[in-house]
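Here are a few exercises to work through with the model open beside you. Try each task before reading its solution.

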Amino acid sequence: MLNLLLVVFALVAVTVGLVWLIDRFIPDTFRKYILIVLYILIGFLAYNTFMSVYGEIQFNQRKQVAYKKVINSLKDIRDAQLAHRAVKGIFQKDFDKLIEFIETEQFTITQRRDVTVLDAEMTRRFGGVETFKEIVVIDTLGYVPVRDSLFGNDLRYKTMMNVPVGKPGTTFDMTAGTIDQNGVKIPVFEAKVLKKYILFGEDPNLIKIEEEVVSVDGVNGNALRVGSMEEVNTNGNWPKNYSND
């Protein structure tokens, strides 16, 4: 973009210089025709300069709106995955099974409390002198459906696999598994969609630039994603200006 602007500005400067030279040295008979052509050229270059800048501004505005919609869907996927791990101990790689889990499973509501009880072994060792110990008791208070806890009466979880903007019919790519960390298998998952599908229909050159973004206030890389298959991480790759978390 910067190189394009420099080229356009250079052409405008050269054209203005030509106008000045023509105005001074070209005979009146031909001057007005040449000036008309050059002024048209100046106007054309100025218009293209403006549109190149304004077009990128509009692209960025549309991009931010699209990204926020996709991020909201990725948050729903993450919430569902975290619930699945809390109940099942693993993440789910299949959307149909994840939806079935949301509709059929329940969270167990528990309460932890410290209780002092007689330590029979220590009491025996001390010849009948009563000795006590503290233990943690976990009481089950009840159950709550996963669906009610995460989504209430909203049925958007049924279509959370669909990318809400961009190329029609695009779905999120989701996978799950485990990674080895110090000999321990830890569950991980990742859901993502390529930027080119989110920005489908936009200027290909601007999409290519967006895919190569490396910035603290931009979405780095060629995709919007949440989670990771390479590290224990359930965060998204978007900056705070796109989301509160």
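**Exercise 1. Find the strand that holds arginine 112, then decide whether this residue is buried or exposed.**

Solution. Start with the secondary structure: arginine 112 sits in strand S1, residues 106-118. Helices (H or I, at least four residues) and strands (E, at least two) are DSSP runs here, numbered from the N terminus. Next, take the relative accessible area, which is 61% for arginine 112, so the residue counts as exposed. The classes are buried under 20% relative accessible area, exposed over 50%, and partly exposed in between, with a 1.4 Å probe and protein chains only. Finally, look across to valine 137: the two residues are 25 apart in sequence, while their C-alpha atoms are 5.7 Å apart in space.

Two notes on conventions before going on. The model is predicted, so local features need pLDDT of at least 70 and side-chain atom pairs count only at pLDDT 80 or more, whereas totals for chains, interfaces and linings use all residues. Residues are numbered from 1 along each chain as its sequence is written, and side-chain values use heavy atoms, with hydrogens and water left out.

**Exercise 2. Describe the overall layout of the protein.**

Solution. Count the elements first: there are 7 helices and 5 strands. Then read along the sequence, which gives the pattern α-α-α-β-α-β-α-β-β-α-α-β. For burial, 32% of the 245 residues count as buried. Last come the contacts (heavy atoms within 4.5 Å): among those with a separation of 6 or more, 60% join residues 24 or more positions apart.

**Exercise 3. Which parts of the chain does the salt bridge between glutamate 202 and arginine 62 tie together?**

Solution. A salt bridge is a side-chain nitrogen of Lys or Arg within 4 Å of a carboxyl oxygen of Asp or Glu. The structure has 11 of them. In this pair, the closest N and O atoms are 2.8 Å apart. Glutamate 202 lies in the loop between helix H6 (195-198) and helix H7 (204-211), and arginine 62 in helix H2 (residues 28-88), so the bridge links parts 140 residues apart in sequence. Arginine 62 is partly exposed, at 41% relative accessibility.

**Exercise 4. Is aspartate 76 buried or exposed, and what does its salt bridge with arginine 156 tie together?**

Solution. The N to O distance for aspartate 76 and arginine 156 is 2.7 Å. Aspartate 76 belongs to helix H2 and arginine 156 to the loop between helix H5 (146-151) and strand S3 (173-181), so this bridge ties together parts 80 residues apart in sequence. Now compare the classes: aspartate 76 counts as buried, at 10% relative accessibility, whereas arginine 156 is partly exposed, at 35%.

**Exercise 5. Which residues touch the most other members of the largest nonpolar core?**

Solution. A nonpolar core is a set of buried Ala, Val, Leu, Ile, Met, Phe, Trp, Tyr and Cys residues joined through side-chain atoms within 4.5 Å. The largest one has 38 residues, and Val70, Leu74, Ile77, Met160, Ile198 and Leu224 touch the most other members. Helix H2 gives this core its largest share, 9 residues. To finish, zoom in on valine 70: leaving out residues up to four places away in sequence, its contacts include Val163, Phe172, Ile198 and Leu224. As background, nonpolar side chains tend to be buried together in soluble globular proteins.
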